[in-house]
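User: Please give me a close look at one part of this model, the pairing of its strands. Then set a few individual residues beside it.

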Amino acid sequence: QVQLVESGGGLVQPGGSLRLSCAASGMIASEYAMAWYRQAPGKRRELVATITQDSSRTYADSVKGRFTISRDNAKNTVYLQMNDLKPEDTAVYYCHRIGSDNWGQGTQVTVSS
C-alpha cells in the first residue's frame with residue numbers, strides 16, 4: 001500500500017523559508033515522477049513543481065527561482081525547498097505520485113507577518 005506523508009509546513013513571515021518533506025512508503029520514489037501541488041482557500045489545486053525519474057524538474061512560473069524540488073533516494077523522500085516566501089504562497093501543499101491516485105494528506109503553509 002502506497003503512502004505519502006508530508007511534513008514541514010508552518011507559519012513563516014514573508015521572505016522566510018521552509019522545507020517540505022514527502023516521505024514515501026510502499027513504493028520507491030526514484031522510480032516515479034513526483035510532484036508538489038498546493039491549494040489555497042477557495043481556489044483550485046495547482047501544480048507547483050515536478051521531478052522525473054531522471055531528476056528533470058519543472059516549476060510553476062509563480063515559484064521559479066524561489067522553490068526547489070529534490071529527492072533523497074536513500075530516504076525515499078521528496079523535498080520542496082521554499083525560499084523568499086510570499087503571502088500568496090499560503091496554501092495546503094500536497095505530495096503526489098504522477099500518473100496515480102496517490103496523494104498525501106497535505107501540510108499547511110501560512111505566510112504572514
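Analyst: Two strands pair if DSSP finds at least two bridges between them. The model is predicted.

Start with E1 and E3. Five bridges join these two strands. E1 and E3 run antiparallel. One facing pair can be named: glutamate 6 stands opposite cysteine 22 in E3.

Now widen the view to the sheet. Four strands form an open sheet, in the order E1-E3-E8-E7. The pairing is antiparallel. Strand E1, residues 3-7, is one edge strand, and strand E7, residues 67-72, is the other. Each of these edge strands pairs on one side only. From one strand to the next, the twist averages 15°. In general, strands of a sheet pair through backbone hydrogen bonds, and they do so in parallel or antiparallel fashion.

Next come the loops. Proline 14 sits in the loop between strand E2 (10-12) and strand E3 (18-25). Its relative accessible area is 41%, so proline 14 is partly exposed. Leaving out residues up to four places away in sequence, proline 14 touches Leu85, Pro87, Val111, Ser112 and Ser113. Glycine 26 is 12 residues from proline 14 along the chain, and their C-alpha atoms are separated by 36 Å.

Proline 87 belongs to another loop, the one between strand E8 (77-82) and strand E9 (91-97). Proline 87 has a relative accessible area of 46%, so this residue too is partly exposed. Not counting residues up to four places away in sequence, proline 87 touches Pro14 and Val111. Val111 is also on the list for proline 14. Proline 87 and glycine 15 are 72 residues apart along the chain. Their C-alpha atoms are separated by 9.2 Å.

Last, a residue inside a strand. Threonine 50 lies in strand E5, which covers residues 46-51. Its relative accessibility is 12%. Buried means under 20%, so threonine 50 counts as buried. The side chain of threonine 50 makes a polar contact with the side chain of threonine 58, at 2.4 Å. Thr58 also appears among the contacts of threonine 50. Setting aside neighbours within four places in sequence, the others are Met34, Ala35, Ser56, Arg57, Ile69 and Ile98. Ile69 falls in the range of edge strand E7 (67-72).

Key:
Residues are numbered from 1 along each chain as its sequence is written. This is a predicted model: local features need pLDDT of at least 70, side-chain atom pairs count only at pLDDT 80 or more; totals for chains, interfaces and linings use all residues. Side-chain values use heavy atoms; hydrogens and water are left out. Buried means under 20% relative accessible area, exposed over 50%, partly exposed in between (1.4 Å probe, protein chains only). A polar contact is a pair of N or O atoms within 3.5 Å; within protein, one must be able to donate a hydrogen and the other to accept it, and residues adjacent in sequence count only if both atoms are side-chain atoms. Contact means heavy atoms within 4.5 Å. Axes are lines fitted to C-alpha atoms, for helices over the stretch in contact, and angles run from 0 to 180 degrees between N-to-C directions.
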